[in-house]
Amino acid sequence: MTGPTAILQMICPDQPGLVRELAGWVAANGGNIVHADHHSDQGAGLFLSRIEWQLEGFGLPREAIDPSAAALAERLAGSYQVHFSDVRPPVAIFVSKQDHCLLDLLWRTRTGELPMQVPLVISNHPDLGPIAEEFGARFEHVPISAANRQEAEARHLELLAEHGIELVVLAKYMQVLTPGFLTAFDPPDAFHQVINIHHSFLPAFTGAQPYHRAWERGVKLIGATGHYVTEELDGGPIIAQSTVTVSHRDEVEDLIRKGRDTERLALARAVRLHIKRQVIVYRGRTAVFE
């Protein structure tokens, strides 16, 4: 695909003629559609759509597309978002001590695989500062404990606002975000803007040393889940999952190694799907248009 594109995400009550209505709006303005994905959720009575079209030759200037889409959404009693493919949103990565997911995201960003910017890395430990700085990201060490959690999260919000951050990615950040932080950064009436990764043993193998207990039980499949963050711990809408088989020959160290691989893949895929505006969240679940 050459040249930038516009992307419209729409959720509205299901009714006949919606595909024609949406495609007709693009066509009426001279747009050439390059991707169109739709889903009708019969149980929820909702219609979900993602339409992407070339900006070259489109009859509306960029600044007029959103107001026109707003009028369309109002007519259809729906909600919408408009994005542009050449916009690289600023992303903050939260980490603790494990570096595999941070390195993977920064490398994919540098190579252009992830169309985003990473101006800021925040950690509750100082260990990964050199990695962030090597990739040109500002590193902020913000210690956090039960005693100072409110002050630490206030500092997080200051940093996010200072850098105009649109998405937070928890890349093995071993802290739980409070409801206050989520409400301040990701209000209930907005689209989800915090992504996390966890091993897919949850809830079967929660707590410390999940790979050790999985090995003891003789599991044959392990994996990882990339999901949006909600107040329910590790219970947000799922974006992407990655799995790998386990052999009886594998030791605990092999499970940990394979688990890190699945975490890298699932998190990178979840972030890419979000950045490419291929995810629509509704009623606590996701529709993923790949």
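The paragraphs below walk through a predicted model, from a strand-helix-strand unit to its cores, its aromatic pairs and a few individual residues.

A convenient place to enter the fold is strand S6, residues 117-123, which pairs with strand S7, residues 138-141, in the parallel sense over 4 bridges. One of the residues involved is Ser123, whose bridge partner in S7 is His141. Helix H4, spanning residues 129-134, joins with S6 and S7 in a β-α-β unit, and this unit is right-handed.

From there the view can turn to the interior. In soluble globular proteins, nonpolar side chains tend to be buried together. In this model the largest nonpolar core has 35 residues, and the members that touch the most other members are Ile93, Leu102, Leu105, Val121, Ile195, Leu267 and Val271. Helix H8, which covers residues 252-275, gives the most to this core, with 7 residues. Leu267 shows how such a position is surrounded: leaving aside residues up to four places away in sequence, Leu267 touches Cys101, Leu105, Val169, Leu170, Ala171, Ile195, Asn196 and Ile197. A second core, separate from the largest one, consists of 20 residues, and Leu22, Ile51, Leu76 and Phe84 are among them.

Helix H8 also holds Ala266. Is this residue buried or exposed? Its relative accessible area is 1%, under the 20% limit, so Ala266 counts as buried. Its contacts, again without residues up to four places away in sequence, are Ile197, Ala224, Thr225, Gly226, Ala240, Gln241 and Ser242. Gly31, by contrast, is separated from Ala266 by 235 residues in sequence and by 34 Å in space, C-alpha to C-alpha.

The aromatic side chains offer another route through the structure, which holds 6 aromatic pairs. In one of these, Trp25 and Phe58 meet edge-to-face, with 6.4 Å centre to centre and 65 degrees between the planes. This pair links distant parts of the chain, since Trp25 belongs to helix H1 (residues 18-28) while Phe58 sits in the loop between strand S3 (46-54) and helix H2 (62-75), 33 residues apart. Trp25 and Phe58 are both buried.

Phe94 and Tyr173 form an aromatic pair that is also edge-to-face, at 5.3 Å centre to centre and with 85 degrees between the planes. Because Phe94 lies in strand S5 (residues 90-95) and Tyr173 in the loop between strand S8 (167-170) and helix H6 (179-185), the pair ties together parts that are 79 residues apart in sequence. Phe94 is buried, at 0% relative accessibility, and Tyr173 is likewise buried, with a relative accessible area of 6%. Together with Phe181 and Phe185, these two residues form one aromatic cluster.

Which residues does His156 touch, if those up to four places away in sequence are not counted? Three of them, Phe94, Tyr173 and Phe181, are residues of the aromatic cluster just described, and the others are Ile122, Val142 and Ile144. His156 itself is found in helix H5, residues 149-162, and is buried, with a relative accessible area of 1%. An aromatic ring elsewhere has a charged neighbour: Arg62 lies over the face of Phe84, at 4.8 Å from the ring centre, and Phe84 is one of the residues of the second core.

The path can end with backbone geometry and with strand S12. Most residues other than glycine have a negative phi, and most peptide bonds are trans. Ala77, although not a glycine, has a positive phi of about 60 degrees; Ala77 is placed in the loop between H2 and strand S4 (79-84) and counts as exposed, at 59% relative accessibility. Arg277 has a positive phi too, near 60 degrees, and is found in the loop between H8 and S12, but Arg277 is buried, with a relative accessible area of 11%.

Val279 has its place in strand S12, residues 279-282. With a relative accessible area of 8%, Val279 is buried, and its contacts beyond four places in sequence are Gln9, Tyr228, Ile239, Leu273, His274, Thr286, Ala287 and Val288. Glu290 lies 11 residues from Val279 in sequence and 8.7 Å away in space, C-alpha to C-alpha.

How values were computed:
Residues are numbered from 1 along each chain as its sequence is written. This is a predicted model: local features need pLDDT of at least 70, side-chain atom pairs count only at pLDDT 80 or more; totals for chains, interfaces and linings use all residues. Side-chain values use heavy atoms; hydrogens and water are left out. Two strands pair if DSSP finds at least two bridges between them. Helices (H or I, at least four residues) and strands (E, at least two) are DSSP runs, numbered from the N terminus. A crossover is right-handed if, with the strands pointing away from the viewer, the path from the first strand over the helix to the second runs clockwise. A nonpolar core is a set of buried Ala, Val, Leu, Ile, Met, Phe, Trp, Tyr and Cys residues joined through side-chain atoms within 4.5 Å. Buried means under 20% relative accessible area, exposed over 50%, partly exposed in between (1.4 Å probe, protein chains only). Contact means heavy atoms within 4.5 Å. Rings of Phe, Tyr and Trp (its six-membered ring) pair if their centres lie within 6.5 Å; planes under 30 degrees apart count as stacked, over 60 as edge-to-face and the rest as tilted. A charge sits over a ring if NZ of Lys or CZ of Arg is within 6 Å of the ring centre and within 35 degrees of the ring normal.
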